[in-house]
Amino acid sequence: MVTIFIQGLQDGTHSVSMQEEVSAVEDLFPEYIGTISIEGTLKKLGNRYTISLLCSATADLVCDRSGEQFVESIEAPIVATFIADSTLLRTKSEEVTSDSSIVMRDEDKVIDITQLIRDEMGVALPLKRVSPNYKEKEFEELYPHLIAKEQPKTDADIDDRWAVLQSLKHSKS
């Protein structure tokens with residue numbers, strides 16, 4: 001679990017800097033290895049906490065083009081607003097949830113950002129995983145032997161069984 005301690009925090013802007021093991025984020029994608037670096041700010045105004053963070057971690061990936069394993073640094077921004085209001089939390093009305101703020105209890109001593117990290121780091125993983133060695137190269141350049149050279153079709157190449165279909169005409173009704 002990754003948390004930011006907020007008990008006794010005064011109004012204003014506060015810096016956030018921490019390192020957490022990837023195992024601290026439950027159900028994080030297994031591609032992530034080592035530690036997650038979290039840097040940014042926490043702004044407190046009354047019972048409202050706004051975080052603006054940049055999370056970075058290392059991912060162990062397999063290249064889609066070559067099948068080689070490589071390591072890539074992944075970064076994900078996190079911006080969220082928390083409101084400490086137990087009454088609001090108990091009501092659970094649609095008006096409350098329509099706001100993008102996350103409601104927490106007044107007496108909470110920490111802000112749990114585990115789910116935010118899991119979600120944003122999951123989305124930040126590249127869909128197309130290409131090693132830096134192969135980013136500038138096209139598939140045809142890497143595997144020329146797999147590209148079939150097109151030969152012009154001759155009448156001898158056409159199967160006689162389909163010759164009847166050539167006489168059919170398509171008409172619109």
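The legends below accompany close-up views of a predicted model.

**Figure 1. Overall arrangement of the protein chain in the predicted model.**
The protein chain contains 5 helices and 7 strands. Along the sequence, these elements follow the order β-β-β-β-β-α-α-β-β-α-α-α. Of the 173 residues in the protein chain, 31% are buried. The surface exposed by the protein chain amounts to about 12300 Å², of which carbon and sulfur atoms supply 51%. When contacts between residues at least 6 apart in sequence are considered, 55% of them join residues at least 24 apart.

**Figure 2. The pairing of strands S2 and S3, with the loop that links them.**
Strands S2 and S3 are paired in the antiparallel sense, with 10 bridges. Within this pairing, Gln19 has Ser37 in S3 as its bridge partner. The loop between S2 and S3 contains Asp27. Although Asp27 is not a glycine, its phi is positive, at about 65 degrees. Most residues other than glycine have a negative phi. Asp27 is classed as exposed because its relative accessibility is 63%, above the 50% cut-off for that class.

**Figure 3. Surroundings of Ser15 in strand S2.**
Ser15 belongs to strand S2, which spans residues 12–21. The relative accessible area of Ser15 is 68%, and therefore the residue counts as exposed, the cut-off being over 50%. Beyond its neighbours within four places in sequence, Ser15 makes contact with Gly40 and Thr41. One of these partners, Thr41, itself stands opposite Ser52 in S4. A distance of 9.7 Å separates the C-alpha atom of Ser15 from that of Ile51, a residue 36 places away along the chain. Ile51 in turn stands opposite Ala80 in S5.

**Figure 4. The hairpin formed by strands S3 and S4.**
The antiparallel pairing of S3 with S4 extends over 11 bridges. Two residue pairs serve to mark the register: Glu39 lies opposite Leu54 in S4, and Thr41 lies opposite Ser52 in S4. In a regular strand, side chains alternate between the two faces of the sheet. The hairpin has 2 residues between its strands, and Gly46 in the turn adopts a positive phi of about 65 degrees.

**Figure 5. Strand S5 and its pairing with S4 and S6.**
S4 and S5 run antiparallel and are joined by 15 bridges. Among the facing pairs, Thr58 stands opposite Ser73 in S5, and Ile51 stands opposite Ala80 in S5. The hairpin of S4 and S5 has 6 residues between the strands, and Gly67 in this hairpin has a positive phi near 80 degrees. S5 also pairs with S6, in this case in the parallel sense and through 3 bridges. Ile83 has Val103 in S6 as its bridge partner.

**Figure 6. The largest pocket and the residues that line it.**
The largest pocket encloses about 160 Å³ of space. Its lining is made up of Phe82, Ile102, Met104, Asp108, Val110, Asp112, Thr114, Gln115 and Leu116. Two or more lining residues come from each of strand S6 (102–104), strand S7 (110–112) and helix H3 (114–124). H3 supplies the largest share of the lining, with 3 residues. Classified by residue type, the lining comprises 5 nonpolar, 2 polar and 2 charged residues.

**Figure 7. The buried residues of helix H3 and the strands that cover them.**
The buried residues of H3 are Thr114, Leu116, Ile117, Met121 and Gly122. Two of these residues, Thr114 and Leu116, also appear in the lining of the largest pocket. An α-helix has 3.6 residues a turn, so residues three or four places apart point the same way. The cover over the buried residues of H3 includes strand S3 (32–45), strand S4 (48–62) and strand S5 (69–84), together with S6 and S7. Among these covering strands, S3 and S4 pair with each other in the antiparallel sense, as do S4 and S5, whereas S5 and S6 run parallel.

Conventions. Residues are numbered from 1 along each chain as its sequence is written. This is a predicted model: local features need pLDDT of at least 70, side-chain atom pairs count only at pLDDT 80 or more; totals for chains, interfaces and linings use all residues. Side-chain values use heavy atoms; hydrogens and water are left out. Helices (H or I, at least four residues) and strands (E, at least two) are DSSP runs, numbered from the N terminus. Buried means under 20% relative accessible area, exposed over 50%, partly exposed in between (1.4 Å probe, protein chains only). Contact means heavy atoms within 4.5 Å. On a 1 Å grid over the protein atoms alone, a cavity is a set of points where a 1.4 Å probe fits but cannot get out, and a pocket is an open set with protein on both sides within 12 Å along at least five of seven lines; lining residues have an atom within 4 Å of a point. Grid points are joined across faces, edges and corners, and a volume is the space filled by probe spheres set on the points. Ala, Val, Leu, Ile, Met, Phe, Trp, Tyr, Cys and Pro count as nonpolar, Asp, Glu, Lys and Arg as charged, and the others, Gly among them, as polar. Accessible areas come from the Shrake-Rupley method with a 1.4 Å probe; for residues, only the protein chains shown count as cover. Two strands pair if DSSP finds at least two bridges between them.
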